[in-house]
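Dear colleague,

I am passing on the structure below, and after it I set out what was found concerning salt bridges and one pairing of helices. Please read the notes with the coordinates open beside you.

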Amino acid sequence: MPLNTRLLSRIDELSPEVWNALSVEPYPFLRHEFLHALEAHDCLGRYVGWFPRHLVCEEDDGRLIGALPMYLKANSFGEFVFDWSWAHAHERCGLKYYPKAVIASPFTPANGPRLLIAAQAPRETAATALIDAALAAARKLGLSSAHWLFGTDPELAAHPELLARKGCQFHWENPGYRDFEDFLDTLTAKRRKEIRRERRQAAAAGLSIERLTGDRASDGDWRQFHRLYRITFDKHGNHAALTRAFFSGLGEAMGAQVLLTVAHKGGEIVAAAFFLVGSDALYGRYWGAEDEVPALHFELCYYQGIEYCIQQGLRRFEPGAQGEHKVSRGFMPRPTWSYHWIADPELRVGIRHFVQREAQDVDAYMAALAGRSVYRREAGC
């Protein structure tokens with residue numbers, strides 16, 4: 001499929017209506033509102049190393065066929081698919097690894113589409129053309145590599161020039177629970193007792209729990225949430241890239257697709273967790289608290305999310321990257337996939353061998369964790 005390709009340095013070079021008409025509706029992290037909020041509210045750029053170069057493919061008559069959320073990256077910060085060793089390998093060979101191309105939503109280890117296809121376009125043909133256009137752009141720009149992170153598009157797995165890299169996250173799945181107690185009934189007696197005890201601890205600390213959608217949260221709510229969010233990042237020596245204006249702007253723009261779970265004490269928010277809501281999944285992202293309260297993190301980040309999914313009929317809950325402690329709370333290991341193009345042919349061979357060996361390790365890790373499932377055997381989970 002011959003297409004005209006152009007790169008956009010800002011997402012608002014396309015209108016929200018045009019971008020969102022592509023196949024992104026169920027996945028909040030690639031909606032125009034989310035990507036625009038990152039760009040408009042000082043979350044990207046030189047300090048964090050994300051530079052928008054969104055790729056757009058059109059037919060000769062200007063009809064949009066598809067697009068990619070693409071960024072030039074000056075480092076590997078905020079990706080959650082760790083490739084520092086690949087950068088070092090390039091350096092040892094006298095090659096520059098940065099800049100590279102990353103096709104993903106910044107700071108977002110959430111699985112979803114990376115190839116955005118117009119409804120009228122033939123899916124498989126358009127998807128292959130988009131991948132080829134991205135690789136052509138990477139070659140033209142002289143980049144070392146291109147990386148589709150946490151992609152679920154089958155065309156990525158089928159493309160001959162891309163190396164598939166397997167990872168692992170912990171997801172909760174909803175087969176149709178009636179309520180939280182129905183979920184607990186599928187767990188072992190020991191875990192049911194421990195989860196009930198953890199949920200009581202927040203109330204015992206004198207805290208009240210509330211859920212707020214983005215269109216209900218006030219400026220003061222966002223100001224306090226952002227302060228708590230920064231506390232978490234500062235505690236771990238990391239940079240809090242997202243600004244208060246980003247969060248409040250996103251809440252205003254995306255409304256009910258934005259969710260906060262907050263803990264109040266004396267009328268003040270003392271802890272909160274931030275989520276985005278898709279058509280069939282809940283995505284947990286950030287959390288912060290004034291003080292350490294036993295089990296409060298589990299209540300706001302996990303149990304409130306599970307309860308929300310059951311009430312809203314969502315089928316899956318992705319609470320974020322890493323965290324084996326999630327297994328004891330009903331989350332199970334699930335594979336993730338990213339796809340990589342490496343320009344240098346010799347390094348491509350070496351990295352292919354690396355991801356093949358790594359996939360075997362991931363399989364063994366997932367099998368070991370599955371053996372620690374807290375679900376009763378007869379529950380079939």
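Across the whole structure, which is a predicted model, the search finds 26 salt bridges. Side chains of opposite charge can pair when their charged atoms come close. Three of these pairs are described here, with the accessibility of the residues that form them.

In one of them, the side chains of Arg10 and Asp12 meet with 3.1 Å from N to O. Arg10 has a relative accessible area of 45%, which makes it partly exposed, and Asp12, at 38% relative accessibility, is likewise counted as partly exposed.

A second salt bridge joins the side chains of Lys73 and Glu79, with an N to O distance of 2.6 Å. Here Lys73 is buried, its relative accessibility being 0%, and Glu79 is buried as well, with a relative accessible area of 3%; both values fall under the 20% that serves as the limit for a buried residue.

A further salt bridge links the side chains of Arg191 and Glu194, for which the N to O distance is 2.0 Å. These two residues lie 3 residues apart in helix H7, which covers residues 189-204, and so about one helical turn separates Arg191 from Glu194. Arg191 and Glu194 are both buried. Returning to the pair of Lys73 and Glu79, salt bridges with shared partners connect Lys73, Glu79, Asp83 and Lys100 into one network.

The other matter concerns two helices. Helix H2, spanning residues 32-40, packs with helix H9, spanning residues 244-254, at an angle of about 155 degrees, and their axes are 9 Å apart. Because angles over 145 degrees count as roughly antiparallel, H2 and H9 are described as roughly antiparallel to each other. The crossing that H2 makes with H9 is right-handed. On the side of H2, the residues that make the contact are Glu33, Phe34, Ala37 and Leu38, while H9 contributes Phe246, Leu250, Ala253 and Met254. Sorted by class, the contact of H2 with H9 comprises 7 nonpolar residues, no polar residues and 1 charged residue.

When you go through the model, which residues would you look up for the salt-bridge network? They are Lys73, Glu79, Asp83 and Lys100. For the helix pair, the residues to display are Glu33, Phe34, Ala37 and Leu38 of H2 together with Phe246, Leu250, Ala253 and Met254 of H9.

With best regards

Terms used: Residues are numbered from 1 along each chain as its sequence is written. This is a predicted model: local features need pLDDT of at least 70, side-chain atom pairs count only at pLDDT 80 or more; totals for chains, interfaces and linings use all residues. Side-chain values use heavy atoms; hydrogens and water are left out. A salt bridge is a side-chain nitrogen of Lys or Arg within 4 Å of a carboxyl oxygen of Asp or Glu. Buried means under 20% relative accessible area, exposed over 50%, partly exposed in between (1.4 Å probe, protein chains only). Helices (H or I, at least four residues) and strands (E, at least two) are DSSP runs, numbered from the N terminus. Axes are lines fitted to C-alpha atoms, for helices over the stretch in contact, and angles run from 0 to 180 degrees between N-to-C directions. Angles under 35 degrees count as roughly parallel, over 145 as roughly antiparallel, 65 to 115 as roughly perpendicular and the rest as oblique. A crossing is left-handed if the near helix is turned anticlockwise from the far one by less than a right angle, and right-handed if clockwise. Contact means heavy atoms within 4.5 Å. Ala, Val, Leu, Ile, Met, Phe, Trp, Tyr, Cys and Pro count as nonpolar, Asp, Glu, Lys and Arg as charged, and the others, Gly among them, as polar.
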